[in-house]
Amino acid sequence: MKVLVLGGGGREHALAWKLRQSPQVEAVFALPGSDGMAAGGVACLAGDPCAAADVLRAVRERAVDLVVVGPEAPLAAGIADALRAAGVAVFGPSRAAAQLESSKIFAKEFMARHKIPTARFAAASGAVEARRALA
């Protein structure tokens with residue numbers, strides 16, 4: 001199996017490192033990856049992990065079987081949705097589900113709506129509202 005890891009941070013480095021240890025994985029790529037990942041034997045690719053065209057091109061050019069999305073930015077951009085629509089196996093939530101991580105106000109309102117314990121909060125769209133909420 002060939003796996004593409006999206007991202008280049010510590011989380012993605014750990015994912016790629018562990019994936020390389022699997023006997024089922026013949027190759028691990030990262031987009032964009034990092035120098036540390038490259039030093040560990042991961043093929044780092046040029047491109048924007050938030051751009052569906054870049055990710056799909058990498059998948060097709062390297063016959064990738066699975067894409068693992070690490071950071072929240074590509075998830076918030078809908079990369080997992082675009083990959084699924086193109087028939088690519090992907091490990092990562094949809095854009096809608098990723099809002100729990102990418103939008104703090106969405107997450108807080110979701111928790112309040114579903115009575116999930118969370119700290120009190122107020123949303124403000126400007127300085128005047130923020131001062132009023134703090135008072």
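Helices (H or I, at least four residues) and strands (E, at least two) here are DSSP runs, numbered from the N terminus. With that in hand, select Arg 131, which lies in helix H8 (residues 127–134). This is a predicted model, so to speak of local features takes pLDDT of at least 70 and side-chain atom pairs count only at pLDDT 80 or more, while totals for chains, interfaces and linings use all residues. Residues are numbered from 1 along each chain as its sequence is written, and side-chain values use heavy atoms, with hydrogens and water left out.

**Stop 1: Arg 131**

Color by accessibility, using these cut-offs: buried is under 20% relative accessible area, exposed is over 50%, and partly exposed is in between (1.4 Å probe, protein chains only). Arg 131 comes out exposed, with a relative accessible area of 57%. Now add Leu 100: the two are 31 residues apart in sequence, and their C-alpha atoms are 26 Å apart in space.

**Stop 2: strand E2**

Next, pick residues 27–32, which make up strand E2. Is E2 enclosed or open? Five of its six residues are buried, so the rest of the structure largely encloses this strand.

Show its neighbors. Two strands count as paired if DSSP finds at least two bridges between them. On that basis E2 pairs with strand E1 (residues 2–7) in the parallel sense over six bridges. Gly 7 has Pro 32 as its bridge partner in E2. E2 also pairs with strand E3 (residues 43–44), again in the parallel sense, over two bridges; look there for Phe 29 opposite Ala 43.

Stay on Pro 32 for a moment. A cis peptide bond joins Leu 31 to Pro 32, with omega at about 0°. As a general point, most peptide bonds are trans.

**Stop 3: the crossover**

Add helix H1 (residues 10–20) to the selection: E1, H1 and E2 make a right-handed β-α-β unit. Right-handed means that, with the strands pointing away from the viewer, the path from the first strand over the helix to the second runs clockwise. Turn your view to match and trace the path.

**Stop 4: on to E4 and E5**

Go back to E1 and step to strand E4 (66–69). Four bridges join E1 to E4, and the two run parallel, with Val 5 standing opposite Val 68. From E4, three bridges lead to strand E5 (residues 89–91), also parallel; Val 67 stands opposite Val 90 there.

**Stop 5: helix H3 and the loop after it**

Select residues 52–61, helix H3, whose buried residues are Asp 54, Val 55, Leu 56, Ala 58 and Val 59. What do they pack against? E1, E2, E4 and helix H5 (79–85), where contact means heavy atoms within 4.5 Å.

Follow the chain to Ala 63, in the loop between H3 and E4. Its phi is near 50°, a positive value in a residue other than glycine. Ala 63 counts as partly exposed at 43% relative accessibility.

Another such spot is Lys 115, in the loop between helix H7 (104–113) and H8. Lys 115 is not a glycine either, yet has a positive phi of about 55°, and at 73% relative accessibility Lys 115 counts as exposed.

**Last stop: the cysteines**

How many disulfides (pairs of cysteine sulfur atoms within 2.5 Å) does the structure hold? Zero. Cys 44 is in no disulfide, and the nearest cysteine sulfur, that of Cys 50, is 17 Å away. Cys 44 is partly exposed, with a relative accessible area of 31%, and Cys 50 is partly exposed too, at 30%.

Key:
Disulfide = S-S within 2.5 Å.
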